[in-house]
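User: Please examine the structure shown below with me. I should like to understand how its chains meet and what lies in its interior.

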Amino acid sequence: MIQVTRTYAAVPTDDWSAGVHRVLKDAGVRMVGVVPDAGLARLITFCEADRSMRLVRLTTEEEGVGLLAGAWLGNQRGVLLMQSSGTGNCVNMLSIATACRFPVVMLVTMRGEPGESNPAQVPMGSATQAVLEAMGVRVSRASSAAAVPTLVAAALDRAYDTESPEAVLVAQHVLGFKAFK
Amino acid sequence: MSRGTLDRRAVVGRLLAGRGDLLVVAGLGAPAWDITAAGDHPLSFPLWGGMGGAAMMGLGLALAQPRRRVLVVTGDGEMLMGLGSLATIAVQRPRNLSIVVLDNERYGETGMQRTHTAHGVDLAGIARAAGFPRALRIATMTGVSRLTRLVHDGTGPVFAQVKVSPARAPLVLPPKDGERLKQRFRDALRAGRGPNAASRPAAGPS
């Protein structure tokens with residue numbers, strides 16, 4: 001029998017979070033809109049502790065699209081942190097990012113991928129990339145911890161250069177799997 | 001709750017008279033036409049979509065520009081779609097942000113169907129319960145004049161539900177190109193002026 005090793009998402013397997021925080025800081029990101037995910041817990045802690053950043057907790061992810069659009073109108077850069085299920089909550093609000101070309105940058109930690117223990121996470125997780133791309137958001141996918149900061153830096157550059165929305169998806173196996181046992 | 005009688009164009013006209021360097025976001029539909037009827041302005045951002053997002057755009061703008069006053073003008077249907085944002089804004093407590101809901105108790109662009117406010121849902125009460133230190137229900141032009149002073153000089157965040165008549169006003173459409181609306185806003189803000197910037201001193205740090 002094949003033994004499946006499960007780790008909990010709250011236990012970091014690699015410190016990509018510190019790298020992403022550094023990348024955000026270097027890019028001049030001041031506004032961080034958040035709906036929490038276990039995989040984002042460390043990054044949220046870093047951003048909250050950083051006095052140059054304003055952490056804005058949201059009741060739903062679509063609020064973050066408006067928040068970042070407003071920040072950009074005010075000549076400020078921001079980023080949204082969310083779990084993949086939250087991308088579905090953003091869909092219509094992304095019309096504003098696409099129609100007005102707001103550089104909304106989303107860092108999305110994946111659920112519903114192979115290893116998922118909650119069946120209700122599977123449909124939205126499976127549709128995340130397609131839904132974002134259908135709304136005109138360019139998507140890149142980090143399949144290793146080392147790739148996350150690199151891809152976030154690239155997404156920020158491309159978003160600001162083109163004034164258009166970007167998302168970086170962090171594969172679930174990078175985060176570790178949550179077991180309901 | 002009693003039906004509103006105020007003329008929405010008169011309300012917005014008073015809010016924006018001598019607007020100085022006020023930054024304005026309008027929710028989609030009639031509020032966007034209303035702010036345009038008061039005079040198209042580079043420091044106005046009328047939304048053509050994103051229903052439920054106007055208050056959050058105002059929050060992003062207010063946090064990014066803490067030395068400027070920010071006014072969101074939106075409708076009851078639009079606000080009802082983003083009620084959670086009232087909680088988010090109350091937690092952030094931006095002192096320079098006012099949210100004004102023109103409440104005609106109708107979805108005006110889709111056939112004047114009743115919204116929840118026609119059935120007693122109390123938007124100002126929701127804002128107050130969310131933690132807005134000032135959440136007003138206004139039904140007179142005297143009240144609108146007091147609100148105008150709060151928008152320009154009060155300590156926010158301010159929420160106001162202004163009861164307006166369901167009568168439709170003539171369409172006065174803003175530019176449709178969202179990219180252009182965005183760019184002219186950013187350019188005007190960077191230039192540090194609106195057309196009447198000298199008429200009102202900039203708000204101090206809040």
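User: What area is buried between chain A and chain B?

Analyst: This is a predicted model, and the value is computed from it. In the interface, 26 residues of chain A are in contact with 28 residues of chain B. Carbon and sulfur atoms give 59% of the buried area. The area buried between chain A and chain B is about 2200 Å².

User: Which residues meet in a salt bridge with a distance of 3.0 Å, N to O?

Analyst: Between the two chains, 13 residue pairs are in polar contact. The rule also finds 2 salt bridges across this interface. A salt bridge requires a nitrogen to oxygen distance within 4 Å. At 3.0 Å, the pair in question is A:Arg101 and B:Glu179.

User: Which element gives the largest share of the side of chain A that touches chain B?

Analyst: The elements of chain A that give two or more residues to this side are strand S2 (54-57), helix H3 (61-73) and helix H5 (94-99). The largest share is 8 residues, and it comes from H3(A).

User: Which helix gives the largest share of the largest nonpolar core?

Analyst: The largest nonpolar core has 95 residues, and A:Trp16, A:Leu24 and B:Phe159 are among those that touch the most other members. A:Leu24, for example, touches residues including A:Val29, A:Leu43 and A:Val152. The largest share of the core, 9 residues, comes from helix H3 (residues 54-64) of chain B.

How values were computed:
Residues numbered from 1 in each chain as written. Chains lettered and ligands numbered in written order. Predicted model: local features only at pLDDT ≥ 70, side-chain atom pairs only at ≥ 80, totals over all residues. Heavy atoms only, no water. Core = buried A, V, L, I, M, F, W, Y, C linked by side-chain atoms within 4.5 Å. Buried < 20%, exposed > 50% of the residue type's maximum accessible area, 1.4 Å probe, protein only. Helix = DSSP H or I, 4+ residues; strand = E, 2+ residues; numbered from the N terminus. Contact = heavy atoms within 4.5 Å. Buried area = accessible area lost by both parts, 1.4 Å probe. Salt bridge = Lys/Arg side-chain N within 4 Å of Asp/Glu carboxyl O. Polar contact = N/O pair within 3.5 Å; in protein donor to acceptor, adjacent residues only side chain to side chain. Lists of a residue's contacts leave out its neighbours within four places in sequence.
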